[in-house]
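Let's take a look at how a protein chain packs its inside and what it leaves on its outside. Have the structure open while you read.

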Amino acid sequence: MAKFLYVYHGSGKMPTDEVERKAAMDAWTGWYDKLGPAVVDGGNPVGMSKTVLASGKVENNGGSNPTAGYTIVEARDIDDAVAKAKACPILMDPAFSVEIAPIIEMM
């Protein structure tokens, strides 16, 4: 099995209301439970980033496509990884997307 990086993109906000936060966590836990041992690293949300461009310019607030978090999964191939990502709870918010990339083992 190959490993794939899911990078969550979007500019949505984390729920601040306790009920909404619990519902979001329950959705993630349910999705991870369905993926089972395919989840290598459940990942985490990330804070606001800065992007350094080749020119040396720095974009604040995540640039044009801010990263919201990541997960690492195992899948047969990229199509299998894409199929697994389609049920990701982050996609319930149209402001978010999931980028999927194979992890290339170098060492």
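## Inside and outside

Start with Ile-100: leaving aside residues up to four places away in sequence, Ile-100 touches Phe-4, Leu-5, Tyr-6, Ile-78, Ala-81, Val-82 and Ala-85. Keep in mind that this is a predicted model.

Ile-100 is also part of something bigger. The largest nonpolar core has 16 residues, and those touching the most other members are Tyr-6, Tyr-8, Trp-31, Cys-88, Ile-90, Val-98 and Ile-100. At least two core residues come from each of strand 1 (2-10), helix 1 (18-35), strand 5 (67-75), helix 2 (78-85) and strand 6. In soluble globular proteins, nonpolar side chains tend to be buried together.

Now for the strands. Here's how strand 1 pairs up:

| Pair | Direction | Bridges | Residues standing opposite |
|---|---|---|---|
| Strand 1 and strand 5 | antiparallel | eight bridges | His-9 and Thr-67 |
| Strand 1 and strand 6 | antiparallel | seven bridges | Tyr-6 and Ile-100 |

Notice that Tyr-6 and Ile-100 turn up again: they stand opposite each other in the strand pairing, they are in contact, and both belong to the core.

What about the outside? Which residues make a nonpolar patch on the surface? Ile-104, Met-106 and Met-107 do, and their patch covers about 500 Å². Met-107 sits in the segment after strand 6 (96-102). Is Met-107 buried or exposed? Met-107 counts as exposed because its relative accessibility is 95%, and the cut-off for exposed is over 50%.

Terms used:
Residues are numbered from 1 along each chain as its sequence is written. This is a predicted model: local features need pLDDT of at least 70, side-chain atom pairs count only at pLDDT 80 or more; totals for chains, interfaces and linings use all residues. Side-chain values use heavy atoms; hydrogens and water are left out. Patches are made of residues with over 30% relative accessible area and no salt bridge: like charges are joined within 9 Å, nonpolar side chains (Val, Leu, Ile, Met, Phe, Trp, Tyr) within 5 Å. Accessible areas come from the Shrake-Rupley method with a 1.4 Å probe; for residues, only the protein chains shown count as cover. A salt bridge is a side-chain nitrogen of Lys or Arg within 4 Å of a carboxyl oxygen of Asp or Glu. Helices (H or I, at least four residues) and strands (E, at least two) are DSSP runs, numbered from the N terminus. Buried means under 20% relative accessible area, exposed over 50%, partly exposed in between (1.4 Å probe, protein chains only). A nonpolar core is a set of buried Ala, Val, Leu, Ile, Met, Phe, Trp, Tyr and Cys residues joined through side-chain atoms within 4.5 Å. Contact means heavy atoms within 4.5 Å. Two strands pair if DSSP finds at least two bridges between them.
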